[in-house]
Amino acid sequence: QVQLVESGGGLVQPGGSLRLSCVGSGNIFRYYTMGWYRQAPGKQRELVAAISSGSNTNYADSVKGRFTISRDNAKNTVVLQLNSLKPEDTAVYYCNAQVGWPARPDFGSWGQGTQVTVSS
């Protein structure tokens, strides 16, 4: 089971940007589908973006054109760039690693989460 550690959350004004990073353990990181999920208070956890071992990507409709997921297998890192942030993007963001594509909810290993708050 891969261990995941997220960083980069915080408080940002609407229209601002944040960069979330997730570092995974082990030497088979490159074979995992990596994803970012988020959970807002009172809501179910949802997929935000995912990237396969072959760098195929998938985004939630609500973030297309604003968020970008990328990976650096040499550094065991997956990054989520969040631009043009909106208050409705406020949530705890979780990094996920799983085998297979497309990414499926409630599968694989999870990080501890990082809070993103968008507010003026």
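Ser55 is partly exposed, with a relative accessible area of 43%, and its place is in the loop between strand 5 and strand 6 (57–59). The structure described here is a predicted model, and Ser55 is one of the residues in it whose backbone deserves a careful look, since it has a positive phi of about 70° although it is not a glycine. The points below begin with such backbone details and then turn to the disulfide, the aromatic residues, the nonpolar core, and two further places in the chain.

**Backbone details**

- Most residues other than glycine have a negative phi, and most peptide bonds are trans.
- Besides Ser55, a positive phi is found at Ser84, which is not a glycine either and has a value near 50°.
- Ser84 belongs to the loop between strand 8 and strand 9, and with a relative accessibility of 39% it counts as partly exposed, because partly exposed covers the range between 20% and 50%.
- The peptide bond that joins Trp101 and Pro102 is cis, with omega at about 0°, and Pro102 is found in the loop between strand 9 and strand 10.

**The disulfide and a loop residue in contact with Cys22**

- A search of the whole structure finds one disulfide, which is formed by Cys22 and Cys95, with their sulfur atoms 2.1 Å apart.
- This pair links distant parts of the chain, for Cys22 is in strand 3 (residues 18–24) and Cys95 is in strand 9 (residues 91–98), 73 residues apart.
- The torsion about the S-S bond of Cys22 and Cys95 is about -85°, and the disulfide is therefore left-handed.
- Both cysteines, Cys22 and Cys95, are buried.
- Asn76 lies in the loop between strand 7 (67–72) and strand 8 (77–82), and although it is a loop residue, Asn76 is buried, with a relative accessible area of 15%.
- When its neighbours within four places in sequence are left aside, Asn76 is in contact with Cys22, Val23, Gly24, Ser25, Gly26 and Phe29.

**Aromatic rings and a charged side chain**

- The structure holds one aromatic pair, and its members are Tyr37 and Trp110, whose rings meet edge-to-face at 4.9 Å centre to centre, with 65° between the planes; the arrangement is called edge-to-face because the planes are over 60 degrees apart.
- Like the disulfide, this pair links distant parts of the chain, with Tyr37 in strand 4 (residues 33–39) and Trp110 in strand 10 (residues 109–110), 73 residues apart.
- Tyr37 is buried at 2% relative accessibility, whereas Trp110 is partly exposed, with a relative accessible area of 24%.
- The charged end of Arg45 sits over the ring of Trp110, 3.7 Å from its centre, and it also sits over the ring of Tyr94, 5.9 Å from the centre of that ring.

**The nonpolar core**

- In soluble globular proteins, nonpolar side chains tend to be buried together.
- The largest nonpolar core in this model has 29 residues, and those that touch the most other members are Met34, Trp36, Val78, Leu80 and Tyr93.
- Several strands each supply at least two residues of this core, among them strand 5 (46–51), strand 8 and strand 11 (114–118), while strand 9 gives the most, with four residues.
- With its neighbours within four places in sequence left aside, Tyr93 is in contact with residues that include Glu6, Leu20, Trp36, Tyr37, Phe67, Leu80 and Val116.

**Strand 1 and its partner**

- Strand 1 (residues 4–7) has a covered face, made up of Leu4 and Glu6, and an uncovered face, made up of Val5 and Ser7.
- Strand 1 pairs with strand 3 in the antiparallel sense over four bridges, and within strand 3 it is Val23 that stands opposite Val5.

**Ala91 in strand 9**

- Ala91 is found in strand 9 and is buried, with a relative accessible area of 1%.
- Leaving aside its neighbours within four places in sequence, Ala91 is in contact with Arg38, Gln39, Ala40, Thr114, Gln115 and Val116.
- Ala91 and Ser119 are 28 residues apart in sequence, and the distance between them in space is 12 Å, taken from C-alpha to C-alpha.

Technical notes
Residues are numbered from 1 along each chain as its sequence is written. This is a predicted model: local features need pLDDT of at least 70, side-chain atom pairs count only at pLDDT 80 or more; totals for chains, interfaces and linings use all residues. Side-chain values use heavy atoms; hydrogens and water are left out. A disulfide is a pair of cysteine sulfur atoms within 2.5 Å. Buried means under 20% relative accessible area, exposed over 50%, partly exposed in between (1.4 Å probe, protein chains only). Contact means heavy atoms within 4.5 Å. Rings of Phe, Tyr and Trp (its six-membered ring) pair if their centres lie within 6.5 Å; planes under 30 degrees apart count as stacked, over 60 as edge-to-face and the rest as tilted. A charge sits over a ring if NZ of Lys or CZ of Arg is within 6 Å of the ring centre and within 35 degrees of the ring normal. A nonpolar core is a set of buried Ala, Val, Leu, Ile, Met, Phe, Trp, Tyr and Cys residues joined through side-chain atoms within 4.5 Å. Two strands pair if DSSP finds at least two bridges between them.
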